[in-house]
Amino acid sequence: MRTEVQTGYAGEVETGKLGIWLFLVSEVMLFGGLISSYFMARWGSTVCALGAPAWPKAGQTGGLALATFNTVILLTSSFTMARAVAFAREGESRQAAAHLGWTLGLGVLFLLVKALEYSVKIGHGYYPQSRFMADVPGLNVFVSYYFALTGFHALHVMAGVAWQGVIWRRVRGGGEDAAIKLEYAGLYWHFVDVVWVFLFPLFYLI
Amino acid sequence: MKDRSRLTKVFVGLLMLTVVTVGLSTLALSRKAAVAAALAVASIKAGLIIWHFMEVRRETAWVHAAMITGLAAVLILAAGLLPDVGGRW
């Protein structure tokens, strides 16, 4: 059901879409606060100052390769989602559902690669209070932020994948309602991509 | 159709910017320059996603207002941190 309100100055706005955008604004503040806190923790650090990768040699290249691969996966999933919305608007429900399926699959692939990356990192001893970490005082802070922020982002990816799974059947059925629901899920998914666009350099490149 | 062609161009641009940001990290830049370069490329990528994939360019003033409010709040937070950043570099 599409609900519209008269705004009086900007024409009509879908209340659902405005609601999604307000939710995304609250998410911007959430991630903005966490990332600012991380930025400040590393800015003045003597062990892992911002400007060069904080990872010690062990596993750094492998971790960067997995994270770069995950960046390509998430950008591709955003592209397929945008195409799904375009197809849905044109009434091509089968193509829209197919592209949504690709998006969902790429989201799952992102989570699998992330799980692999975590297991590699833990295998190297990169986790708070490990014996390896005890030898590099100060690195605990970086690793804690790494797991907190990338883990929190992964939870958002899970929520996005679940959302896409819920609407997939409806998108395949077609109709204006399906296009709108797909657009809302798409907005959330692109936001998750935007967050990763900042997390990638902050945790792997500088 | 025209829309989908535009989306493809944006996607290729995003992949190229990913190569650029990884490439920049291999250069012997100063810490400040490395941070500035990485955040600049990330901001361009985010802008492309927001403008083209999230279709902010087509949205109403209400959505623009919501987005600008969020952006402004983060910028105010960042501005509040600047004195501490300057003192610890």
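Colleague: I should like to begin with one residue, Glu183(A): is Glu183(A) buried or exposed?

Modeller: Glu183(A) is buried, with a relative accessible area of 13%, where buried means under 20%, exposed over 50% and partly exposed in between, computed with a 1.4 Å probe and protein chains only. This is a predicted model, in which local features need pLDDT of at least 70 and side-chain atom pairs count only at pLDDT 80 or more, while totals for chains, interfaces and linings use all residues. Residues are numbered from 1 along each chain as its sequence is written, chains are lettered from A and ligands numbered from 1 in the order in which they are written, and side-chain values use heavy atoms, without hydrogens and water.

Colleague: How should I read a salt bridge, and which residue does Glu183(A) meet in one?

Modeller: Side chains of opposite charge can pair when their charged atoms come close. The partner here is Arg89(A), at 3.2 Å from N to O, and the pair links distant parts of the chain, since Arg89(A) belongs to helix 2 (residues 60-89) of chain A and Glu183(A) to helix 6 of chain A, 94 residues apart. A salt bridge needs a side-chain nitrogen of Lys or Arg within 4 Å of a carboxyl oxygen of Asp or Glu, and helices are DSSP runs (H or I, at least four residues) numbered from the N terminus. Unlike buried Glu183(A), Arg89(A) counts as partly exposed, at 39% relative accessibility.

Colleague: Which residue of chain A forms a salt bridge with Glu59(B)?

Modeller: Glu59(B) pairs with Lys17(A), the closest N and O atoms being 2.8 Å apart, and this pair crosses between chains, from the loop between helix 2 and helix 3 of chain B to helix 1 of chain A. Glu59(B) is buried at 12% relative accessible area, and Lys17(A) counts as buried at 8%.

Colleague: How many salt bridges are there over all chains, and where do Lys121(A) and Glu117(A) lie?

Modeller: The count over all chains comes to nine. One of them joins Lys121(A) to Glu117(A) at 3.6 Å, N to O; both residues lie in helix 3 of chain A, four residues apart, about one turn of the helix, and both are buried. Elsewhere, salt bridges that share partners join Lys17(A), Arg89(A), Glu183(A), Glu55(B), Arg58(B) and Glu59(B) into one network.

Colleague: How is empty space found, and how much of it lies in the largest pocket?

Modeller: Rolling a probe the size of a water molecule over the atoms shows where empty space is left. The largest pocket holds about 1,000 Å³, and of its 34 lining residues the closest to the centre are Gly32(A), Phe198(A), Leu71(B), Val74(B) and Leu75(B). Helix 1 of chain A gives the largest share of the lining, 11 residues, and by class the lining has 29 nonpolar, five polar and no charged residues.

Colleague: What residues lie nearest the centre of the largest cavity?

Modeller: They are Ala82(A), Val85(A), Arg89(A), Phe53(B) and Glu55(B), out of 15 lining residues. The structure holds one cavity of 30 Å³ or more, and about 120 Å³ of space lies in the largest cavity. Its lining has seven nonpolar, three polar and five charged residues, where Ala, Val, Leu, Ile, Met, Phe, Trp, Tyr, Cys and Pro count as nonpolar, Asp, Glu, Lys and Arg as charged, and the others, Gly among them, as polar. On a 1 Å grid over the protein atoms alone, a cavity is a set of points where a 1.4 Å probe fits but cannot get out, a pocket is an open set with protein on both sides within 12 Å along at least five of seven lines, and lining residues have an atom within 4 Å of a point.

Notes
Grid points are joined across faces, edges and corners, and a volume is the space filled by probe spheres set on the points. Helices (H or I, at least four residues) and strands (E, at least two) are DSSP runs, numbered from the N terminus.
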